[in-house]
Amino acid sequence: GFSLYETNYECTTYVIKKLKEFNPNLTIVVGGPETIIRYHDKTEINILNSDIGDYLDYIVLGEGEDHILEIMKNYKNNYSDIQIMGDLFSKINLDDLPFPDYSDYDFNDYRHKSGVSLETSRGCVASCTFCSETLFWKFRQRGGSRLIDEVKYQINEYGVNRFWFIDSLVNGDLNKFYDFISGAVEQDLKILWNGYARCDGRMDKEFIKLIKDSGCTALSFGVESGSPLVLLDMKKNISPIEIIKNL
């Protein structure tokens with residue numbers, strides 16, 4: 001299975017071809033942004049017409065968690081045609097997903113032995129002109145209590161205390177974000193974490209202090225510009241005043 005992006009497309013297609021040469025009976029599954037071209041409301045599955053179209057067995061559009069399970073149950077059916085599954089409008093409830101299982105990882109093999117990744121949300125609440133994320137994800141954020149449960153599970157299961165929040169923004173839903181950081185403080189989790197965020201004027205000094213107290217060591221803000229006109233052209237939907245206030 002491969003997630004195709006512009007940045008890994010060439011090396012991935014090379015690997016797919018080599019794998020099929022090694023074993024023509026292998027089942028190849030691809031997903032990710034490079035499987036399609038989307039012009040406004042028209043979607044074309046461009047991977048079918050590529051130089052690896054004949055090597056593929058499954059193409060998954062949109063989120064793949066449910067579809068990969070279906071594929072694993074049915075891949076021996078030897079379909080004669082490529083199976084296309086999913087769509088770009090999927091919206092999985094993130095709170096329904098199980099916690100990541102790191103039981104087959106040897107943490108000693110990693111430079112940072114005391115940490116794991118964690119997903120708080122998918123998508124973005126903005127629609128910036130330079131970004132394609134909103135074409136592939138519909139925004140939703142996990143509940144604060146569910147995040148707390150996952151953090152506690154990973155602490156108890158693996159003894160970790162560092163968490164990398166890998167999604168695009170931790171504060172897309174400010175109420176759910178507040179529930180998480182306040183819960184981390186109230187339950188004295190003693191964790192360290194970092195992630196990405198949008199500048200938001202509602203995050204005042206007291207709110208920022210609570211973020212720090214919850215264990216945050218760094219927030220990466222997408223600022224792009226200090227010019228009101230440029231921010232407006234980008235449809236960034238933030239003001240220089242909010243940027244300065246947060247920084």
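1. Which side chain meets that of Asp51 in a salt bridge? The partner is Lys17, with an N to O separation of 3.1 Å. The model is a predicted one, and this pair links distant parts of the chain, its two members being 34 residues apart. Lys17 belongs to helix α1, while Asp51 sits in the loop between β4 (42-44) and β5 (58-61). Both ends have some exposure to the outside: Asp51 is partly exposed at 47% relative accessible area, and Lys17 is partly exposed at 24%.

2. On the overall build, the chain contains eight helices and 12 strands. Its C-alpha atoms fill a box of roughly 60 × 50 × 30 Å along the principal axes. The chain has 247 residues, and 38% of them count as buried. Taking contacts between residues at least 6 apart in sequence, 73% join residues at least 24 apart.

3. The accessible surface of the chain is about 14,800 Å², and carbon and sulfur atoms account for 51% of that area. One nonpolar surface patch, of about 260 Å², is made by Tyr14, Val15 and Leu19. Tyr14 lies in helix α1, which spans residues 9-22. Tyr14 is exposed because its relative accessible area, 54%, is over the 50% cut-off. Helix α1 therefore holds both Tyr14 of the patch and Lys17 of the bridge to Asp51, the latter residue counting as partly exposed at 24%.

4. The charge count is 27 positive and 38 negative side chains. The centres of the two sets lie 4 Å apart. Side chains of opposite charge can pair when their charged atoms come close. A search of the whole structure finds 13 salt bridges, including the Asp51 and Lys17 pair described above.

5. A second bridge to check is that between the side chains of Glu119 and Arg122, at 2.7 Å from N to O. The two partners fall in separate accessibility classes: Glu119 is partly exposed, with a relative accessible area of 23%, whereas Arg122 counts as buried because its 6% is under the 20% cut-off. This bridge does not stand alone, since salt bridges that share partners join Glu63, Glu65, Glu119, Arg122 and Arg140 into one network.

6. Is the bridge between Arg142 and Glu150 made by buried or exposed residues? Arg142 and Glu150 are both buried. The closest N and O atoms of this pair are 2.7 Å apart.

7. Backbone angles deserve a look at two residues. Glu224 has phi near 70°, a positive value in a residue other than glycine. Glu224 is placed in the loop between β12 (216-221) and α7 (228-234), and counts as partly exposed at 45% relative accessibility.

8. Asn237 also has a positive phi, near 65°, and is likewise a residue other than glycine. Its place is the loop between α7 and α8 (240-246). Asn237 is exposed, at 66% relative accessible area. Helix α7 thus borders the loops that hold Glu224 and Asn237.

Notes: Residues numbered from 1 in each chain as written. Predicted model: local features only at pLDDT ≥ 70, side-chain atom pairs only at ≥ 80, totals over all residues. Heavy atoms only, no water. Patch = residues over 30% accessible without salt bridge, like charges linked within 9 Å, V, L, I, M, F, W, Y side chains within 5 Å. Areas by Shrake-Rupley, 256 points an atom, 1.4 Å probe, with all protein chains shown as cover. Salt bridge = Lys/Arg side-chain N within 4 Å of Asp/Glu carboxyl O. Helix = DSSP H or I, 4+ residues; strand = E, 2+ residues; numbered from the N terminus. Buried < 20%, exposed > 50% of the residue type's maximum accessible area, 1.4 Å probe, protein only. Contact = heavy atoms within 4.5 Å. Lys, Arg positive; Asp, Glu negative; His and termini not counted. Charge placed at Lys NZ, Arg CZ, Asp CG, Glu CD.
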